[in-house]
Amino acid sequence: MLPNEKIEYDTIESLVKENSTVLDLGCGSGELMEILTDKKKARCQGIEIDEEKVYACVRRGLSVFLGDLDSGLEDYEDQTFDYVILNHSLQELKEPDEVLQDAFRVGKKVIVGIPNFAYYRSRALLCFRGVAPHAPSQPQPWYETPNLTVITIKDFLTYIKTKNYKILKEYYFNNSRRIQLWPNIFATRALFVLERR
Amino acid sequence: MTETEEASNIAESAGIVETQYYRYNPLPGTFLMENGLSLPFIDVAYETYGVLNPLKDNAILITHAFSGDAHAAGYHENDKKPGWWDNMIGPGKAFDTNRFFIICSNVVGGCQGTTGPCSVNPETGEPYGLSFPLVTIRDMVEVQHSLVLSLGIEKLHSVAGGSMGGMQVLQWMASYPDMVKSAIPIATAAKHSSQQIAFNEVGRQAIMSDPNWNNGQYYHGASPAVGLALARMVGHITYMSDQSMETKFGRKQKSEKNPLKFAANFEIEGYLHYRGTSFVKRFDANAYLYISKAMDLFDLAGDEPLHKVFRGACMKVLVISFKSDWLYPSYQALDIVRACKLAGLATSYVEIDAKYGHDSFLVETEKESQLISHFLNKVE
């Protein structure tokens, strides 16, 4: 687990009600699903594209499918899950909009975690050093990053408005601190609980 | 192989094992095969590895593929070759015999100890031949079910198998959902595709067009060895992948070429011939017909959606397919996965990046082992 993800995990854990059903899209090695299964008795399923990480999920005794999120949700019926979680996986998708639409179809609530490329240090990278910004939570160089999109908090809020989704809760983080003031400048990551209008 | 090497191979395996027999002796009229015909009794060849615990809750049933048998692991006395899944079953292996009690039996309709078309019909004193009733995957599972009960086991920790073995796993999930805590269908399908039926039909035609086949009555004379070998050759091609054949044989030819125009000088040709002729020594042509037909007829859900078959079940499921398996392609595994999801079963699915085609589940077992042992650890 990346240390700066703990606060996201804690937050998500506090959000998810006991005995919920959860679909974790891009579940990685299953840390979050394990927490939700153990502490919230949630019934979790994950989808992950990385074979090794899928093995790690199986080792944890979790339900997981090796697969591509861009083509993974059509099997589920409407409103199957209490929560669909996309924690830092949205920016890795080819069709983020379609996957989100699908997430809102199969889940009653959608929890989205994103990196913020408008964090002031990321801005400085481009502005003063002339290099492509990367989010502090994802330090890989451009040729190794799994990200397909550069996304900011402002971009995401605009998107939510256009699509008429409703924000139930929003959290902004810098490392393990919550940020209240000017999140699009001072936060490195954001977490939203969303609902269809 | 030196004697010490042999000894250490045996030590790392389930050890020296013996095939046992169980006679399923139903009350008259109580055991009907799916097609309505009945057999007076069925002898079942089976082997077990590991120890059944006092609670009798550590048993795992292994179901074998088309040409497999009850000898899944360990060594028979004076035998140099271990059972067909010895790399997966044994102390510390995926199916860990230090923890689990493993059962594997030969399917009904087979020819490796369990009653099949080459067995003698007690009423006539002659081999059944084509008078043997058509066998289905469900019949195979019924017989296994009675064997498991006869061992005093009411609940299996898991049922696992590849290919036709996977079909039996699916049938177990549907027929006895309360008896299995977990299920591992590998490289399999809930029903055969047209392509799979097509290859099986070529095999059957190869056997039936051998004049020695004689409508299945060959047990007193020469057997249809040419036809059976040919069937096996076709089968073997479908079990491999383009890549695994290329790596193993490429266009290599024998060093001493046979001058005949159409001699089998390419190594792949020689290999297929070898596979064909060695198969004839251990397999019965009629059993080939019956078992391949059972696979073709298998259609777990029929006209219903597949997930309805699993409704009410609650076992954990691990579905495995292999990237290079073109005989049982991953879309068939995904059909199973989809049905499990819709039925609300706790399911995991992995398409293993393996190179050996359909045979991967038997030969490229490293990742498969990891997955299965971790999965079994978490079944409660």
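**Close-up 1. Strand β9 of chain B within its surroundings.** In this predicted model, five of the five residues of strand β9 (residues 158-162) of chain B are buried, so the strand is largely enclosed by the rest of the structure. Both of its faces are covered, with B:Ser158, B:Ala160 and B:Gly162 buried on one side and B:Val159 and B:Gly161 buried on the other.

**Close-up 2. The strands that pair with β9(B).** Strand β3 (residues 59-63) of chain B pairs with β9(B) in the parallel sense, over four bridges, and within this pairing B:Ile60 has B:Ser158 of β9(B) as its bridge partner. Strand β10 (residues 182-186) of chain B is also paired with β9(B) in the parallel sense, over four bridges, and here B:Ala160 stands opposite B:Ile184 of β10(B).

**Close-up 3. The packing of helices α4 and α8 of chain B.** Helix α4 (residues 194-208) of chain B packs with helix α8 (residues 285-297) of chain B at an angle of about 160°, their axes being 10 Å apart. Because angles over 145 degrees count as roughly antiparallel, α4(B) and α8(B) are therefore described as roughly antiparallel to each other. The crossing in which α4(B) passes α8(B) is left-handed.

**Close-up 4. Residues at the contact of α4(B) with α8(B).** From α4(B), the contact is made by B:Ile197, B:Asn200, B:Gly203, B:Arg204 and B:Ile207, while α8(B) contributes B:Ala285, B:Tyr288, B:Leu289, B:Ser292, B:Met295 and B:Asp296. Sorted by character, the residues of this contact comprise six nonpolar, three polar and two charged ones.

Key. Residues are numbered from 1 along each chain as its sequence is written. Chains are lettered from A and ligands numbered from 1 in the order in which they are written. This is a predicted model: local features need pLDDT of at least 70, side-chain atom pairs count only at pLDDT 80 or more; totals for chains, interfaces and linings use all residues. Axes are lines fitted to C-alpha atoms, for helices over the stretch in contact, and angles run from 0 to 180 degrees between N-to-C directions. Helices (H or I, at least four residues) and strands (E, at least two) are DSSP runs, numbered from the N terminus. Angles under 35 degrees count as roughly parallel, over 145 as roughly antiparallel, 65 to 115 as roughly perpendicular and the rest as oblique. A crossing is left-handed if the near helix is turned anticlockwise from the far one by less than a right angle, and right-handed if clockwise. Two residues are in contact if their C-beta atoms, placed from the backbone, lie within 7 Å. Ala, Val, Leu, Ile, Met, Phe, Trp, Tyr, Cys and Pro count as nonpolar, Asp, Glu, Lys and Arg as charged, and the others, Gly among them, as polar. A residue is buried if 20 or more other C-beta atoms lie within 10 Å of its own, exposed if 12 or fewer, and partly exposed in between; C-beta atoms are placed from the backbone. Two strands pair if DSSP finds at least two bridges between them.
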